[in-house]
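Reader: I have a model open and would like to know the reasons behind the labels on it. Could you take me through them?

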Amino acid sequence: MGRGKFKGKPTGKRHFSTPEEMRAGTSSRPRTFRQEEAEDEVEEEETQSESESDKEPEKRKGAEGVIEIQNPNLVKQKNLKARDVDIEKTTELSRREREEIEKQKAHERYMKLQEQGKTEQARKDLDRLTLIRQQRAEAAKKREEEKAAKEHKKVEARK
């Protein structure tokens, strides 16, 4: 009997292994991660015991046995542990890092001089500030005089 427009695909069928196959270990079911990991550990232990007993030099591929190759890219980098790191050893900075640090120090020095008023720009700013303060003081005096004049007119108008 048809199930509509589309047919079922044969990949959708499931295969269940029988208990006998499972006991015999011949089931086609994929192994779980834990089983694979346990088998890998057993294999590693066997290979380590074999390699310790043999202690033969490793065979090299092709011309490696004949020619010594000193390729710095092939050297495995040695990982240092935290306890092995030399704290007193100073690392050299790159040119960009040095320039960046110098730039920051120069900016800090300039800002200190700026605060003390010793730079050209600081002097100009202070001159501008004094001029603005004078103008504001004069404007405040004018306002007070105008206010006093208005009040004086009001008082005279009432009389």
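Author: Happily; below, each label is set against the rule that gives it. Please keep in mind that this is a predicted model.

Reader: What makes up the secondary structure of the protein chain?

Author: There are 4 helices and 0 strands, and from the N terminus on the order reads α-α-α-α.

Reader: How do you know where confidence is lowest and where it is highest?

Author: By the mean pLDDT of each element: helix H2 (residues 33-54) is lowest at 63, whereas helix H4 (residues 120-158) is highest at 94. Over the protein chain the mean is 78, with 69% of the residues at 70 or more. Where pLDDT is low, the predicted coordinates should not be read in detail.

Reader: What does the solvent see of the chain, in terms of exposed area and buried residues?

Author: The protein chain exposes about 17,500 Å², and 50% of that comes from carbon and sulfur atoms. Of its 159 residues, 3% are buried.

Reader: Why does the length of helix H3 agree with what its residues should span?

Author: Helix H3 covers residues 95-116, which is 22 residues. At 1.5 Å a residue, these should span 32 Å, and the end C-alpha atoms are 32 Å apart, so the two values agree. Just after H3 comes Gly117, with a positive phi of about 80°.

Reader: Why is Thr119 called buried?

Author: Its relative accessible area is 9%, and buried means under 20%, so Thr119 is buried. Thr119 sits in the loop between H3 and H4. Leaving aside residues up to four places away in sequence, Thr119 touches Tyr110, Leu113 and Gln114.

Reader: And Leu113, why does that one count as partly exposed?

Author: The relative accessibility of Leu113 is 37%, which falls between the 20% and 50% cut-offs, so partly exposed is the right label. Leu113 belongs to helix H3, and with residues up to four places away in sequence not counted, Leu113 touches Lys118 and Thr119.

Reader: Let's turn to charges. What makes Glu99 and Arg95 a salt bridge?

Author: Their closest N and O atoms are 3.2 Å apart, and the rule asks for a side-chain nitrogen within 4 Å of a carboxyl oxygen, so the pair qualifies. Both residues lie in helix H3, 4 residues apart, about one turn of the helix. An α-helix has 3.6 residues a turn, so residues three or four places apart point the same way. Glu99 is partly exposed, because 42% lies between the two cut-offs.

Reader: How many salt bridges are there by this rule?

Author: The count comes to 3. Another one joins Glu120 to Arg123, with the closest N and O atoms 3.5 Å apart. Both are in helix H4, 3 residues apart, about one turn of the helix.

Reader: Why is Glu120 exposed, and why is Arg123 partly exposed?

Author: Exposed means over 50%, and Glu120 has 52% relative accessibility, so Glu120 counts as exposed. Arg123 has 42%, which is between the cut-offs, so Arg123 counts as partly exposed.

Reader: How do you know that Arg128 and Asp125 form a salt bridge?

Author: The closest N and O atoms of Arg128 and Asp125 are 3.2 Å apart, within the 4 Å limit, so the salt bridge stands. They too lie in helix H4, 3 residues apart, about one turn of the helix. Arg128, at 47%, is partly exposed, and so is Asp125, at 27%.

Note on methods:
Residues are numbered from 1 along each chain as its sequence is written. Side-chain values use heavy atoms; hydrogens and water are left out. Helices (H or I, at least four residues) and strands (E, at least two) are DSSP runs, numbered from the N terminus. The expected span of a helix is 1.5 Å times one less than its number of residues. Buried means under 20% relative accessible area, exposed over 50%, partly exposed in between (1.4 Å probe, protein chains only). Accessible areas come from the Shrake-Rupley method with a 1.4 Å probe; for residues, only the protein chains shown count as cover. pLDDT is the predictor's confidence in each residue, from 0 to 100. Contact means heavy atoms within 4.5 Å.
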